[in-house]
Amino acid sequence: MTTLAPVDILFRPGTKMVSAQAVHTTPLGYDRASIPLGASLPMPAATELVDRLNTCDEIEVSFHGKLGDTLLALATVRALSDWLALRTLSTTIRATGPYAHLISRSGLFTHTPPDARPGIGRRAVIGDREGIEASGAGAEVSLVCDPAAPPCWSSDDRAHPDLPARYYLALERRLGIRLPATTPFAPLLVSQRSRLVEELHTTGWLEGMTIAAITATSWPELKDYTPRRYIQIASHIADAYQTQVRLLVIGGDPGTGTHISTQTTRSGVEILYLDGIPAIDLADVFPHCRLVIGNDTGLTHLAALSRTPNGSGPPVVGLYARHSHSKWRTGLPHHHAVAAALSERMHQGDLCPVRDAITPDTDIHMDAFTPAALAQVCLDLLNGVR
């Protein structure tokens, strides 16, 4: 753990293992490392769930809520896919809903012929509450992915605090069988050479020192670092390298659809504002950047999960002022966090400031992160120091 200035701001690298003694955890109930792949766990399976899944010939994955919650919950789909493979069950897994095309890039879904007729046999549904409400009617069984539900598990003397690990291990316990995945449990999304990527390459925006800054957030009054501060970070990096920095400032949908504009600062930072760009297009752009830094939001999670077909991509830094920096990450080694004091306390106690009604009055939130301190984190990552 690296301390930044001021002293209550922490850098938490994605490669750091969290000890089971360092945070509040729930014992998994078995030592995964000592149980052979495919062996029964030393605890009973959820018999009703397993019996119903055994009768299903189709799994529908239906997420309709927040993008970030959806992406982190894909570990549940991975767990069920791994279970089906171990049981050699011939079951179709298909995605529906607004994120279907994007999450299909995870490789977890069955290719369905165009003339196939879904929903004919017995069906199970995995999704968030909105997705279950939309697609769960008539299903043999529904699995709700609620980010508040799975605890921080501990096994093998280590904690598994990230949400993908929580989801994967929770379903493993219920299925009663040692599944194959080990940390990190989050499935990656494979990027494509899209039209937007081609345009950005042609105009030079993805050449040289290109950094993406994600300003989109569902909670701007508490989780928005603002474009101005990201531009200051880029200026520090430009000064340190004595080179031009191209900054992609990525916002959400302003309500008017896609909006693109450019700006050049006095320090030589070229800025391209991308607002309202579909997430699937951004998933193609992120792997071509040198570094991504962003608010604790779905697009930052997307940046961490999006990799080129050969598995390459940039380091990603998330800024965590209130929520647990370990829970709300992908668990991938290149996904790092800069955390304020409240975020560190949420991590240590496995708490949520909303669920547990923890007042924010004494915390300064995003103001805790100075652009100079964050620029040094970015420089260290760009130089391969951290």
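**Figure 1. The whole chain.** Buried residues make up 56% of the 386 residues in this protein chain. Keep in mind as you browse these views that the model is predicted. The chain has twelve helices and 18 strands. Take the contacts between residues at least 6 apart in sequence: 71% of them join residues at least 24 apart. On the outside, the chain exposes about 16100 Å², and carbon and sulfur atoms supply 51% of that area.

**Figure 2. The largest nonpolar core, with 80 residues.** Here is a general point to carry into this view: in soluble globular proteins, nonpolar side chains tend to be buried together. The residues with the most contacts inside this core are Leu53, Leu71, Trp83, Leu248, Ile250 and Phe286. Helix α2 gives the most to the core, with eleven residues. A second, separate core has 35 residues, including Ile231, Val245, Ile293 and Val377.

**Figure 3. Phe286 and the residues it touches.** Let's zoom in on one of the residues with the most contacts inside the largest core, Phe286. Setting aside residues up to four places away in sequence, Phe286 touches Ala212, Ile214, Ile250, Val292, Leu299, Leu302, Ala303 and Pro314. Among these partners, Ile250 is also listed with the most contacts inside the core. Leu299 and Leu302 turn up again in the next view, where they belong to helix α10.

**Figure 4. Helix α2 passing helix α10.** Two packed helices are described by the angle between their axes and the distance between the axes. For α2 (residues 67-87) and α10 (residues 298-305), the axes come within 7 Å and cross at roughly 35°. The crossing is left-handed. From α2, the residues that meet α10 are Leu67, Gly68, Leu71 and Leu72. Their partners in α10 are Gly298, Leu299, His301, Leu302 and Leu305. Sorted by class, this contact has six nonpolar, three polar and no charged residues.

**Figure 5. Leu189 and its surroundings.** Is Leu189 buried or exposed? With a relative accessible area of 1%, Leu189 counts as buried, because buried means under 20%. Leu189 sits in strand β10 (residues 189-190). Leaving aside neighbours within four places in sequence, Leu189 is in contact with Leu71, Leu74, Leu102, Ile103, Arg105, Ser106, Leu302, Leu305, Ser306 and Arg307. One of these partners, Leu302, is 113 residues away from Leu189 in sequence, while their C-alpha atoms are 8.3 Å apart in space. Leu71, Leu302 and Leu305 are also among the residues where α2 and α10 meet.

**Figure 6. A cis peptide bond ahead of Pro184.** Most residues other than glycine have a negative phi, and most peptide bonds are trans. The bond from Thr183 to Pro184 is cis, with omega near 0°. To find Pro184, look in the loop between α5 (163-175) and β10.

**Figure 7. Positive phi at Asp157 and Ala357.** Neither Asp157 nor Ala357 is a glycine. Phi of Asp157 is near 65°, and phi of Ala357 is about 50°. Asp157 lies in the loop between β8 (153-155) and β9 (158-160). Ala357 is found in the loop between α11 (341-349) and α12 (371-382). Are these two residues buried or exposed? Asp157 counts as exposed because its relative accessibility is 60%. Ala357 is exposed too, at 67% relative accessibility.

Definitions and conventions
Residues are numbered from 1 along each chain as its sequence is written. This is a predicted model: local features need pLDDT of at least 70, side-chain atom pairs count only at pLDDT 80 or more; totals for chains, interfaces and linings use all residues. Side-chain values use heavy atoms; hydrogens and water are left out. Helices (H or I, at least four residues) and strands (E, at least two) are DSSP runs, numbered from the N terminus. Buried means under 20% relative accessible area, exposed over 50%, partly exposed in between (1.4 Å probe, protein chains only). Contact means heavy atoms within 4.5 Å. Accessible areas come from the Shrake-Rupley method with a 1.4 Å probe; for residues, only the protein chains shown count as cover. Axes are lines fitted to C-alpha atoms, for helices over the stretch in contact, and angles run from 0 to 180 degrees between N-to-C directions. A crossing is left-handed if the near helix is turned anticlockwise from the far one by less than a right angle, and right-handed if clockwise. Ala, Val, Leu, Ile, Met, Phe, Trp, Tyr, Cys and Pro count as nonpolar, Asp, Glu, Lys and Arg as charged, and the others, Gly among them, as polar. A nonpolar core is a set of buried Ala, Val, Leu, Ile, Met, Phe, Trp, Tyr and Cys residues joined through side-chain atoms within 4.5 Å.
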